[in-house]
Every structure is written in C-alpha cells, then in structure tokens.
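The following paragraphs offer a guided reading of one protein model. Please keep the sequence and the structure in view while reading.

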Amino acid sequence: MAAVRRCGEAGHALARTASQGVLVKAVVIDRYGPPEVLTVAELDVPRPGPGEVLVRVAAAAVNPVDLAVRRGDIPSPVLPAVVGWDASGTVVEAGPGTTRFREGDRVIAARSPFADGAGVTAEYLVLEESLAAHAPENVPLEDAAAMPLAALTAEQALGRLPAEFPGRLLVAGAAGAVGGHLVQLAALRGWRPAALARASDGHTVTELGAAEVYSDADTPPPGSYDAVIDAAGRPETIAAVRDAGRYISLTPFAVPEAERSVDVEIYGVRTDGTMLDTLARHVEAGKLTLRVARVLPFEEAPKAHALLEAGGARGKVLLTPGS
C-alpha cells in the first residue's frame, strides 16, 4: 500500500504537491482495537494498469468482516491497511486493454483486501475490471454500495444447496443485510424460505419474501428444515435441521458441532463480477431490494463501525468521501 499521511481537516482530502502528485483520503487502521483506531489518512492516487479501471468512489459499505479485521480477529496482511470490501462509484479512467468499462460508467464492485491490505474505503480505487459490474440504474449510486458483498454472499450460499433441493430452508438473521438477500433470492428461486429474526422484524422479512417467521419467542420446530443458512451466528439453529440435512454458517466464529449426520459447512464469499452483474439486473427488474440504514462521511467511520457492532442495523451502513 502507498505511504500513508494523516489527514488534517476534511477539506484537505484532495491536495496537489510537486513531489507526490494527487493525494486522496482513505479510512485506515494502523493497529487493532475498538472503532476509534479507524482514522482518515492521505494516500497517493492509484493508477490503473492493464485490464483495470480507476473509480471515483461514491460510497463504501461497512461489513461484519471489516469489524473482524479492525479488531484483529482476522488480521490484515499489512498495516497500515485501508478497510472495506465493496463500493460503488464512477469510472474516471480505463487502463490499457480494458473492454467492459469506459469513462463515465457507474459501477459496483467487491474486492478482498486480504492479499495486500488495499481496501475500498477511499476516494479513488483501482479495480480489475473482472471484479466490477454496471451499477443498477434505478437506485442512487451511493445506495448501490449496499449490494455487492451481501448479495454475492447470499447468492453463493444458496448455490451451495443441491439442484434438487426441495426448498425447506430456514434463514437465521433474516432481517440483516445478508439475511435479507438470502430471503429474497430464495423466494426468487421459487422456494418458500422461513425466517428467524427479531419479533419486531416480522413485517420486514415477510415483505422480503419469507413464508414463515420465527423469533426467540417462537422458535422453529426441531428437525423441520432441509437446510439452515445462518447469517447471524446462531449455532443453536442446527436443531431446526432434519437428520442428515445441511447447515451453512456464514459466521466463522459461531459454528455448531455436527450432530445427527447434519452436514455443517462454513462458507466464505468469493468476488465475482459476472455474478454481481446478474444480481444488479435483478435490482433493476424490481426483484431485489437494497436497504440502507445509515450514510456517514469517512470521518465518522468509528461511529459506523460502532453502529454495526451494536447490532440491530436494518440495512447497510455506508461511508462516503464527501466533498
């Protein structure tokens, strides 16, 4: 990652110097800890190489994986590191050999920072064009940042179920960002997904497509489902899976012990621009709804992390670079 310079006031985010060229602001960590370790720093503007695009970021999402990296539960390969996996923005420059995008295109993308610590929560970022997709035209570009990682995770988790799956699925954490996409995409497949969520979220998950709704006060019947996909770290929901059924955990720190020949799997998302493009078209067709809980400036990244960490956010928390 380029050398980091601490940012002064927000208005100094984009500055020119004779020796360094353009500086842009980014949200970084240089140590692990509570939300307050997040700071805004200045980086040299990146340049696109062959098959890459330079994107001016409209918004970047905050995800549970970002909290885990910030805490040190999933250590970054380098420090300082820019945080964040998914973003929306506008292409401002296409590198040599780029074929899918051109200047002015509105895009969304998810990219893992696990190889180099180069996350996406920055004013400008460089992406391999294979990781990006055209943003849905029917939502504000900022809001489109709520989609990539959550939708990809949900679609891929559903894809782990067999083609002959009978559709008896329970989604744990159904009102959250990933859980909400799971419910919608399962319903789009013609299944009748059941939802486990807070009692106060019953109306929300029903609108998303849940055919049945359970809560802590009304738990799902034991052994009633062919599969559970857990997007909330609720390992006790394995009890709802039938003998020899499937349990897919999207939260690696809360996984049940296998029992009754239930197949327990931990699944992690893979970035995929082609799949992301298909999902974006679902948004344009009105088949997939994006939910945004809060939009905050980069300078309030600690608040954004604290909000997500506290739980109860219904929709994505987004960070924007501002003016």
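Which residues of H1 are buried? They are Val65, Asp66, Leu67, Ala68, Val69 and Arg70. Helix H1 spans residues 64-71, and with six of its eight residues buried it is mostly covered. Just after H1, glycine 72 adopts a positive phi of about 95°. The model in which these features appear is a predicted one.

The chain as a whole may now be considered. It contains seven helices and 18 strands. Its radius of gyration is 20 Å, close to the 20 Å that the globule rule gives for 323 residues, so the chain is as compact as a globular protein of that length. Taken along the principal axes, the C-alpha atoms fill a box of roughly 65 × 40 × 30 Å. Of the 323 residues, 53% count as buried. The chain exposes about 13300 Å², and carbon and sulfur atoms supply 51% of that area. Among contacts between residues at least 6 apart in sequence, 66% join residues at least 24 apart.

The interior comes next. In soluble globular proteins, nonpolar side chains tend to be buried together. Here the largest nonpolar core has 45 residues, and Met147, Leu169 and Ile229 are those with the most contacts inside it. Several elements each supply at least two residues of this core, among them strand S8 (106-110), helix H3 (148-159), strand S11 (169-172), strand S14 (225-230) and helix H6 (273-284). Helix H3 gives the most to this core, with six residues. Methionine 147 illustrates how distant parts of the sequence meet: leaving aside its neighbours within four places in sequence, methionine 147 is in contact with Ile108, Leu152, Leu276, Leu279, Ala280, Val283 and Leu290. Apart from this core lies another, of 16 residues, which includes Val37, Val69, Val83 and Ala301. Val69 is also one of the buried residues of H1.

Attention now turns to strand S18. Five of the five residues of this strand, 316-320, are buried, so S18 is largely enclosed by the rest of the structure. In a regular strand the side chains alternate between the two faces of the sheet. In S18 both faces are covered, with Lys316, Leu318 and Thr320 buried on one side and Val317 and Leu319 buried on the other.

Which strands pair with S18? Strand S5 (residues 52-62) runs antiparallel to S18 and is joined to it by three bridges. Strand S17 (residues 292-297) pairs with S18 in the parallel sense, over five bridges. Leucine 319 has a residue opposite it in each of these strands: alanine 60 and leucine 296. A further bridge partner in S18 is valine 317, which is matched with arginine 294. The connection between the parallel strands can also be described, for S17, helix H7 (residues 301-310) and S18 make a right-handed β-α-β unit.

A single glycine completes the tour. Glycine 245 lies in strand S15 (residues 241-249). Is this residue buried or exposed? Glycine 245 counts as buried because its relative accessibility is 0%, below the 20% limit for that class. Not counting residues up to four places away in sequence, glycine 245 touches Asp226, Ser261, Val262 and Asp263. The C-alpha atoms of glycine 245 and alanine 227 are separated by 5.7 Å, although these residues are 18 residues apart along the chain.

Methods: Residues are numbered from 1 along each chain as its sequence is written. This is a predicted model: local features need pLDDT of at least 70, side-chain atom pairs count only at pLDDT 80 or more; totals for chains, interfaces and linings use all residues. Side-chain values use heavy atoms; hydrogens and water are left out. A nonpolar core is a set of buried Ala, Val, Leu, Ile, Met, Phe, Trp, Tyr and Cys residues joined through side-chain atoms within 4.5 Å. Buried means under 20% relative accessible area, exposed over 50%, partly exposed in between (1.4 Å probe, protein chains only). Helices (H or I, at least four residues) and strands (E, at least two) are DSSP runs, numbered from the N terminus. Contact means heavy atoms within 4.5 Å. Two strands pair if DSSP finds at least two bridges between them. A crossover is right-handed if, with the strands pointing away from the viewer, the path from the first strand over the helix to the second runs clockwise. The radius of gyration is taken over C-alpha atoms; the globule rule is 2.2 Å times the number of residues to the power 0.38. Accessible areas come from the Shrake-Rupley method with a 1.4 Å probe; for residues, only the protein chains shown count as cover.
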